[in-house]
Amino acid sequence: EEARFMAPRMDLGAISAAEKLVIWRYRTASPGGRARGRSGATLSQGEAAERLGLGTSGYRRLEAEGRCELSADHAAIIGSLTEALEPTLGELCFLARRRSRRLLMTIQRDLRVSRPTFYEMERSGNPAVVAMWRVAGFIFP
């Protein structure tokens with residue numbers, strides 16, 4: 001069964017199942033407890049794929065493209081993990097950045113902040129970051 005999970009690009013009130021899967025992964029602690037990426041000890045894509053019983057390349061494709069071959073059981077598992085997930089304002093800012101495909105260094109330069117400062121601003125849903133995405137045309141719920 002081909003699963004397709006994409007959302008309208010500018011409407012952050014319409015969060016795709018694939019985007020909810022990314023948020024679920026970022027909210028889930030890595031079993032090894034090692035720090036990973038900007039969000040700390042979150043699951044890697046490989047760990048998330050293993051936890052869900054998927055191949056790593058299929059999982060990556062699901063996050064990136066919003067589609068991959070899923071069994072009904074896998075679709076049900078993913079649905080149960082992500083269905084009720086409500087993104088925070090910071091996560092909506094992250095999704096706007098992800099959807100925009102703008103380079104992080106360009107965003108930092110526009111806001112005149114360092115990378116760590118931007119990540120903190122994004123995570124907290126800082127009004128300057130929200131305003132930047134609104135000016136770019138993103139619609140927040």
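**Group meeting: helix packing and loop residues in a predicted chain**

I'll start at a loop: Arg101 sits between helix H5, residues 89-100, and helix H6. Its phi is near 60°, a positive value in a residue other than glycine. Arg101 is also exposed, because its relative accessible area is 73%, and the cut-off for exposed is over 50%.

Before going further, note that this is a predicted model. The mean pLDDT of the chain is 83, with 84% of residues at 70 or more. Confidence is highest in helix H8, residues 127-135, at a mean of 95, and lowest in strand E1, residues 2-4, at 42. Residues 1-6 have pLDDT below 50, and that stretch makes 22 contacts in the model beyond its near neighbours in sequence. Please keep that in mind when you look at the N terminus.

Now the overall layout. The chain has 8 helices and 2 strands, and in sequence order they run β-α-α-α-β-α-α-α-α-α. Of its 141 residues, 40% count as buried. If we take contacts between residues at least 6 apart in sequence, 58% of them join residues at least 24 apart. The accessible surface is about 7,600 Å², and carbon and sulfur atoms account for 53% of that.

Next, helix H1. How many of the 11 residues of H1 are buried? The count is 8, so H1 is largely enclosed by the rest of the structure. The buried residues are Ala18, Glu19, Lys20, Leu21, Val22, Ile23, Trp24 and Arg25. You will notice that this list has Glu19, Lys20 and Arg25 in it, alongside residues such as Leu21 and Val22. The cover over these residues includes H2, H3, H4 and H5.

One of those partners is H4, residues 72-82. The axes of H1 and H4 come within 9 Å and cross at roughly 65°. That makes H1 roughly perpendicular to H4, because angles of 65 to 115 degrees are put in that class. The crossing of H1 past H4 is left-handed. On the H1 side the residues that meet H4 are Lys20, Leu21 and Trp24; on the H4 side they are Ile78, Leu81 and Thr82. Lys20, Leu21 and Trp24 are also on the list of buried residues of H1.

From H1 we move to H2, residues 45-52, where the buried residues are Glu47, Ala48, Ala49 and Leu52. Which helices help to cover the buried residues of H2? They include H1 at 17-27, H3 at 56-65 and H4 at 72-82. Arg51 also belongs to H2, but it counts as partly exposed, because its relative accessibility is 47%. Leaving out neighbours within four places in sequence, Arg51 is in contact with Trp24, Thr28, Ala29 and Leu43. Trp24, as we saw, is one of the H1 residues that meet H4. Directly after H2 comes Gly53, with a positive phi of about 75°.

The last region is H6 and H7. H6 covers residues 104-111 and contains Gln108. Is Gln108 buried or exposed? Gln108 counts as buried, because its relative accessibility is 13% and the cut-off is under 20%. Apart from residues up to four places away in sequence, Gln108 touches Val113, Ser114, Arg115 and Phe118. Gln108 and Tyr119 are 11 residues apart along the chain, and their C-alpha atoms are separated by 9.6 Å.

For the helices themselves, H6 and H7, residues 115-124, pack at about 85° with axes 10 Å apart. H6 is therefore roughly perpendicular to H7. Leu104, Ile107, Gln108 and Leu111 make the contact from H6, and Arg115, Phe118 and Tyr119 make it from H7.

The loop between H6 and H7 holds Arg112. Phi of Arg112 is near 60°, again a positive value in a residue other than glycine. Arg112 counts as exposed, because its relative accessible area is 77%. That brings us back to the starting point: Arg101, in the loop between H5 and H6, likewise has a positive phi near 60°.

Conventions
Residues numbered from 1 in each chain as written. Predicted model: local features only at pLDDT ≥ 70, side-chain atom pairs only at ≥ 80, totals over all residues. Heavy atoms only, no water. Buried < 20%, exposed > 50% of the residue type's maximum accessible area, 1.4 Å probe, protein only. Helix = DSSP H or I, 4+ residues; strand = E, 2+ residues; numbered from the N terminus. Contact = heavy atoms within 4.5 Å. pLDDT = per-residue confidence, 0-100. Areas by Shrake-Rupley, 256 points an atom, 1.4 Å probe, with all protein chains shown as cover. Axes fitted to C-alpha atoms, helices over the stretch in contact; angles between N-to-C directions. Parallel < 35°, antiparallel > 145°, perpendicular 65-115°, else oblique. Left-handed = near helix turned anticlockwise from the far one by under 90°.
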